[in-house]
Amino acid sequence: MSSRPSEITISAEGMEVEIIPVEGEINVGPQHPGSGHMRIYVKVNGDIIEDVDMDVGYVHRAVEKLSEIRTYMQIIPLVERPAILDSINMNLGYIMAVEKIMGVEVPERAQYLRSFAAEVNRIASHLYGTGILAIFLGHSTGYMWGFGDREVWVEILQALTGARLTNSYIIPGGVRRDLTPTIKEMTLKAIAYQRKRMAEWRRIFLNNPNIRDRLENVGVMSKENAIKWGAAGPNLRGSGVNYDVRKAEPYAAYDKLDFEVQVYKEGDGYARTLVRFGEIEQSLNMLEQIIKEIPEGPILADRFFKMIPPARVKKWWDGMRRVVFPGYFASFRPPKGEAITRVEASRGELVYYVVSDGSATPYRLRMITPSYRSIYVFKQLCKGSRYPDLVSIYGSLDYFPPEADR
Amino acid sequence: MSILSLILFYLLYPSFFITVIFPGAIFALILLLLMIWFERKAAAFVQMRYGPLYASKRLGGALQLIADAIKYAISEIIIPNGVNPTLYALAPMLLITFAFIPIAVIPVSRIPISGSILSKYFLAFYDPDIKSGLYVGYFVPFNLLLALGLASSYSVFVLLTAWVTNNRFALIGAVREAFLSVSYDVLIVMSALALALEYHTLDIAKIVQSGIPGFIANPIAGVVFFIGVIMGTSRFPFEIVEADTEVVMGPYTEYTGLLYVITMGASYIGTYSFALLYSDLFLGGWAPFSGLPGAVWMTFKAVLVLAFSVFLRSVYGRYRIDQAIRGSWKYVLPAALASIILGLVVGWLWIR
Amino acid sequence: MDKVKEYKKEKNPFRLFGYHLAAVGEGIKHFIRPKRMTLMYPEEVQALPTGYRGFIRFYKDLCTGCTMCAMICPADAMKMVTQEGKKYPRINYGRCIFCGFCVDICPVDALKETPIHDVAFTSREQFRFPPDLFNEEFQEEPPLLSKPVKRVKPIIDEDRGVIYVPDEQ
């Protein structure tokens, strides 16, 4: 028997086993295949992670500081960049804050279109997240399927907004382009396709016992901890907290859409994955509703629409179903004021706080991104789990480093 | 005896032909390239893409792997500071050698007493158990035991590769291999033992010549043996040793260039030699053919087994090490015990 | 209030074995009938739809020099230069992010989006398009391939996801 405290002795009848803890550090990243854009400094004891130190900031782009020298319109592409695969949602929150300061009423059709684009974007983003989770678990088919199916939704966004990812679709007072019958038809087909694929996804990924083993009981976050650690979005709902900004504080057209918030009780990686899959299905339902129920009408607030020269309205809106900017947008000065908005981005609650001092640039723009809130959750969840689960937890949180670093 | 027939005699001499030409080294290397190509292609088919294509569009990109091999062969081998260069270079060689060596003792076909091009080796490779010549690199009456023993030494050299490179990820990979090897060796040996009890022999040839494929006589052992093989040679879903998102490349992290190709090839060659054994034990080996057609038939089945085991990449992710060990002891080991009991019963009632 | 769901943790080994078989079966199904959605890129090029925000074409004769495009440009790609006493925009494609704001704000429609997107330049100077060059239709050099490039357009399909069919134009 040893007297050193670090040695644990397990004794059974007639046999004694000495387990000497093997402590060490592993540097995961930033070039490690399982780290993403950050360095994870892992202290392990045998196969058990004792602590995780996350060295974030490798993709910091100073979005908040840059916005202080950009005009309000110029910030639109800027706020998209942190989470480029979720650009509609990133954009929507910012625009809502600006509209709040300016006191703009957004027409009904534009609200529906915002929801439409946001849901398409949510599906694409969740598929991306699932793909990353799959490749972290070594499941290359899930990775390729995620990215392949996402292509369908990216095509729809391209048809709608004119760009694959850098959509810049939402502008103060409305949206830039209208939903045409062609896009409606494309979307209906894509919905049918995605519904068919969900069964295949279930067979090869979700019900695959291998994947279930890697995700079940891994990174379990209780309801209390999820609230305490500030988890957001699907990670929060995977822990049994029924909170979705789309229900709690409806924006865009969500108060008119019928959908179910996906909440799972378990709080492990599998529950989080199921929440994402459930949300994809809910988004498909919502897209169908939007296509069915979308009202006719303008897509830009009357106040801005009147400023567009009539010749241009005739050419662009009547001809091509898209609105152009009034000259006012080049450098408008909203009144003094501040606004805080939140939207449910794909990865969770996204908060924007904008302060206007009456000049052409915001005095301050603060964005609290959902991935930023995952950092602490990640650190806490890793403690006590096994080293191979590091990637599993990482993937199941759908952590996106650029979004956290901003 | 003319020169030509003398050359033919030595060329076809089992100890040479089997180990070096078919199904040994040369065939194995070609197969290795084809299998990696197949693995990538099969994964691409499942994953809605094309896979390797441009290296030879007409052959579906089959030459891509040759291009890759050349690229690896001429790229620089970087030997890290602080390692023993001799051991560093030697470890992968030993690894591939011991992955390959079981092929020498696995019977490939039967030599009939006359009528075959191989009949002249009948006496030199006479197997009293089956009362016929045996086309095998080196004949021992207990070749099942010897093949398994040689194959199980493979994991020692995985540990060696990791140990000489002195890399943290490599050491984690090595520890994983050490843990796993305990589990999979037990499964492989027990399911082979089930067959040995069932057929009352340790001679693979007698198992094949009994005319009943092992998978029909003892399907449980067939499944258990297959799980042991994919676990032992780190195929999906047990690609735990070299899990790239967790431990970069496991024991082979520090290897570059040609040495890396060797380490990567070793696991495929290991699967291949186990697949040959699997084909003999469970899929009826060369029966009903004999001579060279028997060897081709037996190898063909082994290639199918190999193809299926690499195909699993497109279906599975990887298990965690503790899950793999728990699974193998908790679920597969009882199945292996059941296979032994089944083997005893069937061997007592049916196979005399 | 939406209900909190719970998933079933599967413990039955036979059902787990069934799930294994289903997964392998799904893999084999896709192996036998692959649903590819690859765009064979250098040989096939996606014909971008009208309204795609690609390279921008400038109509010098329409321009009034109002500098609105330079003001709204989020990336400072558009700058005004003075030519013959008149202000014209010039663009630096090294900075352009293809947001299309300049096109939308131009009060006289002197800027237009073109569906040209994939262009390679050999030097950084070529990124800069002074007003006169900006005024011309952008000449895309055909890539050096043995076969002519096929232009395809994506179609959303209910079975295959995205399929690429030859573009009629």
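The following exercises, with worked solutions, concern helix packing, a strand sheet and one helix in a predicted model.

Local features require pLDDT of at least 70 and side-chain atom pairs pLDDT 80 or more, while totals for chains, interfaces and linings use all residues. Residues are numbered from 1 along each chain as written, chains are lettered from A in the order written, and side-chain values use heavy atoms, without hydrogens or water.

**Exercise 1.** Classify the crossing of H6(A) and H1(C).

Step 1. Helices are DSSP runs of H or I of at least four residues, and strands are E runs of at least two. The axes, lines fitted to C-alpha atoms over the stretch in contact, of H6 (residues 181–206) of chain A and H1 (residues 13–32) of chain C come within 7 Å and cross at roughly 125 degrees.

Step 2. Angles, on a scale from 0 to 180 degrees between N-to-C directions, count as roughly parallel under 35, roughly antiparallel over 145, roughly perpendicular from 65 to 115, and oblique otherwise. The two helices are therefore oblique to each other.

Step 3. In contact (heavy atoms within 4.5 Å) are residues including A:Arg197 and A:Glu200 of H6(A), and C:Glu26 and C:Lys29 of H1(C).

**Exercise 2.** Identify the edge strands of the sheet S3-S4-S6 in chain C.

Step 1. This open sheet has three strands with antiparallel pairing; pairing requires at least two DSSP bridges.

Step 2. S4 (residues 86–92) and S6 of chain C share two bridges; C:Ile91 has C:Phe129 as its bridge partner.

Step 3. S3 (78–83) and S6 (128–129) each have a single partner strand, so these are the edges.

**Exercise 3.** Describe the burial of H11(A).

Solution. Of its 25 residues, 20 are buried, meaning under 20% relative accessible area with a 1.4 Å probe, protein chains only.

Methods
Buried < 20%, exposed > 50% of the residue type's maximum accessible area, 1.4 Å probe, protein only.
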